[in-house]
Amino acid sequence: MKVAVVTFPGSNCDRDAIKALSRIPVETVPVWHRETDLGGASAVILPGGFAYGDYLRAGALAAHSPVMGAVRRLVDAGGRVLGICNGFQILTESGFLPGALAMNISRRFQCEWVQVQVEQALPGLPFAAGERFSLPIANGEGRYIPDPSRPLGRDAVLFLSYRDRAGRPHNPNGSWRELAGVARADGRVIGLMPHPERASARWLGGEDGLRFLRLWTRGVGASVC
Amino acid sequence: MSRMNIVVHLKEGVRDPAGEAVQHVLRDMGFPVEHLRIGRHITLELPGAEGEDAVRLGREMAEHLLANPVLEQFSVEVRS
């Protein structure tokens, strides 16, 4: 089984995601956003970057790319999708996950290492509640705003929250409840602002991202190549 | 043919950090500004749609792409 990694025009973490997965190692298949087939993959990553230059709103135009139909079919068939940063924005814009990501309260492009904590375990995935990861964030629109018509706790849950080094709640961007990541309650759809693929080697500053991706790929049943 | 103005703005209650920055600078310049909000103004032409039809299409475009209903509100103005 393979993990597809989608490239939208303006994606800039697609190669990083492929590289990180190769270190696990997991077989990957690169997919251009105009394609309507995920090449037999059992899971897909929507990587970070600036799809369509973030024109209109971050993720808004990419949400209508042809590949998103294939992502929908994969998830309906039991596959999994992981949206990282801009990929998370695409997942909210396309309705896979509730809520929206708005401009950071700080008005800054927040580029820093943060701790994130798993707030809720997900079915079929080996993430443990309370487990922490040290990961970098790099975003201008990372402030999660909940959708009152689709409150978290039912079909989707607060999956990851920001913490400081001592484990206390920390809020780098004004996100609702220090939210760093949302998941569909069945675990098939996960969106997070931090970049696990950028923490996939010691020389990059840490390997917690590799640990995160390894846990996720175990859940998707990706074979070791 | 209809010409359309679609204005998208953040809902009340959603903080607008960019608007706050602009207001801050305007106040520094001596303008006693309050409640400044930044929106987006989209103009387009729609051949073959007039009146009610054009308004309906404008609303559909806004609901499905131009505005994010979680964050934003919009208005549609049509001139034939």
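The following paragraphs describe a predicted model of two chains, A and B, moving from each chain to the contact between them.

Confidence is considered before the details. The predictor assigns the complex an ipTM of 0.89 and a pTM of 0.95. For chain B the mean pLDDT is 95, and 100% of its residues reach 70 or more.

Chain A contains 4 helices and 11 strands. Its C-alpha trace extends about 40 × 35 × 35 Å along the principal axes. The radius of gyration of chain A is 16 Å, which agrees with the value near 17 Å that a compact globule of 225 residues would have. Of those 225 residues, 56% count as buried. Among the contacts in chain A with a separation of 6 or more, 74% are made by residues 24 or more positions apart.

The interior of the model can be described through its nonpolar cores. The largest nonpolar core comprises 75 residues, and those with the most contacts inside it are A:V3, A:A4, A:V6, A:V44, A:I45, A:L46 and A:I84. Helix α4 of chain A, residues 208-220, gives the most to this core, with 5 residues. Another core, of 8 residues, lies apart from the largest one and includes B:M4, B:I6, B:L66 and B:V78.

Helix α3 of chain A deserves separate attention. This helix spans residues 86-93, and because 8 of its 8 residues are buried, it is largely enclosed by the rest of the structure. The buried set consists of A:N86, A:G87, A:F88, A:Q89, A:I90, A:L91, A:T92 and A:E93. These residues of α3(A) pack against strands β3, β4 (80-84), β5 (100-102) and β11 (189-192) of chain A. After α3(A) comes A:G95, with a positive phi near 85°.

Several loops of chain A carry backbone features that merit inspection. In the loop between α1 (14-23) and β2 (28-32) of chain A lies A:P25. The peptide bond that joins A:I24 and A:P25 is cis, with omega about 0°. A second feature is found at A:Y52, in the loop between β3 (43-46) and α2 (67-76) of chain A. Although A:Y52 is not a glycine, its phi is positive, near 55°. A:Y52 counts as buried because it has 23 C-beta neighbours inside 10 Å, where 20 or more are required. A third feature concerns A:E178, which belongs to the loop between β9 (156-163) and β10 (179-184) of chain A. A:E178, likewise a residue other than glycine, has a positive phi of about 55°. With 22 other C-beta atoms within 10 Å, A:E178 is also buried.

Chain B is built from 2 helices and 3 strands. From the N terminus on, these elements follow the order β-α-β-α-β. The C-alpha trace of chain B spans about 50 × 25 × 15 Å along its principal axes. Whereas a compact globule of 80 residues would have a radius of gyration near 12 Å, chain B has 16 Å. Buried residues account for 18% of the 80 residues in chain B. Of the contacts in chain B with a separation of 6 or more, 66% come from residues 24 or more positions apart.

Helix α2 of chain B, residues 51-66, has two contrasting sides. Its buried residues are B:A54, B:G58, B:A62 and B:L66. Viewed down the axis of α2(B), these buried residues fall within an arc of 75°, so they line one face of the helix. The other side of α2(B) carries the exposed residues B:E52, B:E60, B:E63 and B:H64. The cover over the buried residues of α2(B) includes β1 (2-10), β2 (39-46) and β3 (72-79) of chain B. One of those buried residues, B:L66, is also a member of the core of 8 residues.

The description closes with the contact between the chains. Here 9 residues of chain B are in contact with 13 residues of chain A. On the chain B side, helix α1 (residues 17-28) of chain B supplies the largest share, 3 residues. By residue type, the side of chain B that touches chain A divides into 7 nonpolar, 1 polar and 1 charged.

Conventions. Residues are numbered from 1 along each chain as its sequence is written. Chains are lettered from A and ligands numbered from 1 in the order in which they are written. This is a predicted model: local features need pLDDT of at least 70, side-chain atom pairs count only at pLDDT 80 or more; totals for chains, interfaces and linings use all residues. Two residues are in contact if their C-beta atoms, placed from the backbone, lie within 7 Å. Ala, Val, Leu, Ile, Met, Phe, Trp, Tyr, Cys and Pro count as nonpolar, Asp, Glu, Lys and Arg as charged, and the others, Gly among them, as polar. The radius of gyration is taken over C-alpha atoms; the globule rule is 2.2 Å times the number of residues to the power 0.38. A residue is buried if 20 or more other C-beta atoms lie within 10 Å of its own, exposed if 12 or fewer, and partly exposed in between; C-beta atoms are placed from the backbone. The arc is that of the directions from the helix axis to the C-beta atoms. pLDDT is the predictor's confidence in each residue, from 0 to 100. A nonpolar core is a set of buried Ala, Val, Leu, Ile, Met, Phe, Trp, Tyr and Cys residues joined through C-beta atoms within 7 Å.
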